[in-house]
Amino acid sequence: MSQMTIQGGKALTGRVDLRGAKNLVTKAMVAALLADSPSLLRDVPHISDVEVVSRLLQLHGVTIDFQDNGEMRLDPTNVKSARMVDIDAHAGSSRIPILFCGPLLHQLGEAFIPDLGGCHIGDRPIDFHLDVLRNFGAVIEKLPNGTRMSAPDGLHGAKISLPYPSVGATEQVLLTAVRSEGITELSGAAIEPEIVDLIAILQKMGAIISVDTDRVIRIEGVKRLDGYTHRALFDRNEAASWAAAALATKGDIFVGGARQPEMMTFLNVFRKVGGAFEIEDDGIRFFHPGGELQPVVIETDVHPGFMTDWQQPLVVALTQAKGLSIVHETVYENRFGFTEALNQMGAQIQIYRECLGGNPCRFGQRNFYHSAVISGPTELHGADIRVPDLRGGFSHIVAALAARGTSNVTNVQLISRGYEHFLSKLESLGADFTYSE
Ligand code: EPU
């Protein structure tokens, strides 16, 4: 298990450059499976989620050539079924395999996907995905080690309404509908920028998709799709993570590749807390302008709301704001586990079952601790911590960098699931740490 020993108390300053968004790139790779010619994806980050998806694609006969410069060529011309035992070796490593269903059903008439992994931030069921696939005509069989699917009568367009604008289920519909017979109408869709970028990719491939302003997406199925050439949308989550790190450590970080339009909601909150930013053509500079940070009340939500993946690093900065901040998490029911380690480091964060500071959400009146009250400013001190999940883990590292004294952080390899060249970026920002495998 990899470990970092961090000497805190140093401001992070310098520049980091982003590549494509983890939550787009991995889906774009799956989209390549739908074509009958090769695709070229640019700005692919070297992260372990990309490795897992690459291995699964390769098992299905896709040839992948991945260069250091982030260019990935995916050739699906020899797609084939994979052995269950080989697929199963990837059980628990990612959530992306569920998105292989539609493309594999189109290409091979059958699919087997392993039990899913991903961060433990709630139950993370796949009921929406399975309902969606049944709507298209898939027959689903749960096996002890995964899920098998077939489409004896082919896949046909459907009228689908999601009970919640789930990102994954929306992607499931898109990746299945584009080559299904007839028209699909999806209401209650998620409209995150990563989804819009996936739609752009599918359109380049030959798909016909329209997005209305009321979360309705219409897809006209086509018989075949070509490969695409595309530069992936930048990683908004990584951008927000470095912004929060600059604020929490009283630093100054230029995030190359970050863009304003997809970050507007974050930028508003960052400014309200007392952070400063300057928007340039090639990125955004985030810095602590001096003076006191202000408390805020935020509610995480689907786009265009404040993203759930932004709250964890920002909470670390909020421990330095003067007064009470409230964060109401409405996307995942169990995403405040990381606050325990922050409290161990001197933060004062109390979590509640009630929907605090915003509108009642679907987790209210149930046993989920999904609201947090952060009381600041509190001086953070070093501690021994274990990385629990991707975003929570990043926030622990930020807290350790902002804290007085030494922290030992274990399970650090988990962070490479979503942050490319994490350690060398920290080094270039002047962080003081050692690392061992
Ligand atoms: N949900 C269900 N049933 C389903 C699917 C989802 O109840 O079948 C619920 C979830 O349990 C959750 C809510 O719907 O409470 C939203 O889940 P969603 O499907 O939108 O999330 P996801 O597709 O599994 C992606 C990102 C997450 C990000 C969310 C929200 C990927 C690989 N993951 O997850 O990213 O937080 O959308 O934007 O794209 C991360 O990057 O660290 C991360 C967790």
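This is a chat about the ligand site and some backbone features of a predicted model.

Biologist: Which residues are closest to the ligand, and how many surround it?

Modeller: In this predicted model the ligand is surrounded by 25 residues, and the closest are Lys-27, Asp-127, Ser-166, Val-167 and Val-331.

Biologist: What is the make-up of that shell in terms of nonpolar, polar and charged residues?

Modeller: The residues of the shell divide into eleven nonpolar, nine charged and five polar.

Biologist: Which polar atoms lie 2.7 Å or 2.8 Å from an oxygen atom of the ligand?

Modeller: A polar atom in the side chain of Lys-27 lies 2.7 Å from a ligand oxygen, while for Phe-128 it is a backbone N or O atom that lies 2.8 Å from an oxygen atom of the ligand. Arg-391 has an N or O atom in its side chain that is 2.8 Å from an oxygen atom of the ligand. The ligand taken alone exposes 830 Å², of which the protein buries 92%.

Biologist: Which helices supply at least two residues of the shell?

Modeller: Helix H1 (22-31), helix H5 (127-135), helix H6 (167-177), helix H10 (308-318) and helix H12 (390-402) each do so.

Biologist: Why does the ligand lie between the two domains?

Modeller: Domain 1 (3-18 + 234-436) and domain 2 (22-231) both give residues to the shell around the ligand, so the ligand lies between them. The space that the ligand takes is the largest pocket.

Biologist: Changing topic to the backbone, where are the cis peptide bonds at Pro-304 and Pro-377?

Modeller: The bond from His-303 to Pro-304 is cis, with omega near 10°, and Pro-304 lies in the loop between strand S17 (297-299) and H10. Gly-376 and Pro-377 are also joined by a cis peptide bond, with omega about 0°, and Pro-377 lies in the loop between strand S20 (371-376) and strand S21 (384-386).

Biologist: And what is the phi of Lys-250?

Modeller: Lys-250 is not a glycine, yet its phi is positive, at about 60°, and its place is in the loop between helix H8 (236-248) and strand S14 (252-256). Most residues other than glycine have a negative phi, and most peptide bonds are trans.

Conventions
Residues are numbered from 1 along each chain as its sequence is written. This is a predicted model: local features need pLDDT of at least 70, side-chain atom pairs count only at pLDDT 80 or more; totals for chains, interfaces and linings use all residues. Side-chain values use heavy atoms; hydrogens and water are left out. A residue is near a molecule or strand if one of its heavy atoms lies within 4 Å of it. A polar contact is a pair of N or O atoms within 3.5 Å; within protein, one must be able to donate a hydrogen and the other to accept it, and residues adjacent in sequence count only if both atoms are side-chain atoms. Accessible areas come from the Shrake-Rupley method with a 1.4 Å probe; for residues, only the protein chains shown count as cover. On a 1 Å grid over the protein atoms alone, a cavity is a set of points where a 1.4 Å probe fits but cannot get out, and a pocket is an open set with protein on both sides within 12 Å along at least five of seven lines; lining residues have an atom within 4 Å of a point. A molecule sits in a cavity or pocket if more than half of its atoms lie within 2 Å of its grid points. Helices (H or I, at least four residues) and strands (E, at least two) are DSSP runs, numbered from the N terminus. Ala, Val, Leu, Ile, Met, Phe, Trp, Tyr, Cys and Pro count as nonpolar, Asp, Glu, Lys and Arg as charged, and the others, Gly among them, as polar. Domain bounds come from an automatic or database domain assignment.
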